[in-house]
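Here are some exercises to work through with the model open beside you. Try each task yourself before reading the solution.

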Amino acid sequence: KEFESEVLKLQQHAMIENQAGQVEIDKLQHLLQMKDREMNRVKKLAKNMLGERTALDSSFLNALHQVK
């Protein structure tokens, strides 16, 4: 009887730890999704900035050629 009580206590403890671990996994997955979206926004902004810089460089080179 004492053995069964100890086993039950250990099972309950393991179940609580398992649930806490699952909550932590869920939080980390959500955080990872947020970081992934943030990274995609940064990539998009970098691509836009590169495009604008390329256009600015072209304008500058055209103006330089016209001055020559």
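**Exercise 1. Which residues form a nonpolar patch on the surface?**

Before starting, note that this is a predicted model, in which local features need pLDDT of at least 70, side-chain atom pairs count only at pLDDT 80 or more, and totals for chains, interfaces and linings use all residues. Residues are numbered from 1 along each chain as its sequence is written, and side-chain values use heavy atoms, with hydrogens and water left out.

Step 1. Recall the rule: patches are made of residues with over 30% relative accessible area and no salt bridge, where like charges are joined within 9 Å and nonpolar side chains (Val, Leu, Ile, Met, Phe, Trp, Tyr) within 5 Å.

Step 2. The patch consists of L28, L31 and M34, which together offer about 260 Å² of accessible area. Such areas come from the Shrake-Rupley method with a 1.4 Å probe, and for residues only the protein chains shown count as cover.

Step 3. Look at L28, which sits in helix α1, residues 2-67. Helices (H or I, at least four residues) and strands (E, at least two) are DSSP runs, numbered from the N terminus.

Step 4. L28 has a relative accessible area of 47%, so it is partly exposed. Here buried means under 20% relative accessible area, exposed over 50%, and partly exposed in between (1.4 Å probe, protein chains only).

**Exercise 2. Find the salt bridges and describe the residues in them.**

Step 1. Start from the general idea: side chains of opposite charge can pair when their charged atoms come close. The criterion is a side-chain nitrogen of Lys or Arg within 4 Å of a carboxyl oxygen of Asp or Glu.

Step 2. The structure has two salt bridges. One joins K35 to E38, at 3.9 Å from N to O. The other joins R53 to D57, with an N to O distance of 3.9 Å.

Step 3. Check the spacing in helix α1. K35 and E38 are three residues apart, so about one helical turn separates them. R53 and D57 are four residues apart, and about one helical turn lies between them.

Step 4. Add accessibility. K35 is partly exposed at 48%, and E38 is partly exposed at 40%. R53, at 55%, counts as exposed, while its partner D57 is partly exposed at 36%.

**Exercise 3. Describe the overall form of the protein.**

Step 1. Count the secondary structure: one helix and zero strands.

Step 2. Take the extents: the C-alpha trace spans about 100 × 10 × 5 Å along its principal axes.

Step 3. Compare with a globule. The radius of gyration is 29 Å, whereas a compact globule of 68 residues would have one near 11 Å. The radius is taken over C-alpha atoms, and the globule rule is 2.2 Å times the number of residues to the power 0.38.

Step 4. Follow two pairs along the chain. M39 and A20 are 19 residues apart, with their C-alpha atoms separated by 28 Å. For D57 and Q19, 38 residues apart, the C-alpha separation is 57 Å.

Step 5. Turn to the surface. Of the 68 residues, 0% count as buried. The accessible surface comes to about 6900 Å², and carbon and sulfur atoms account for 61% of it.
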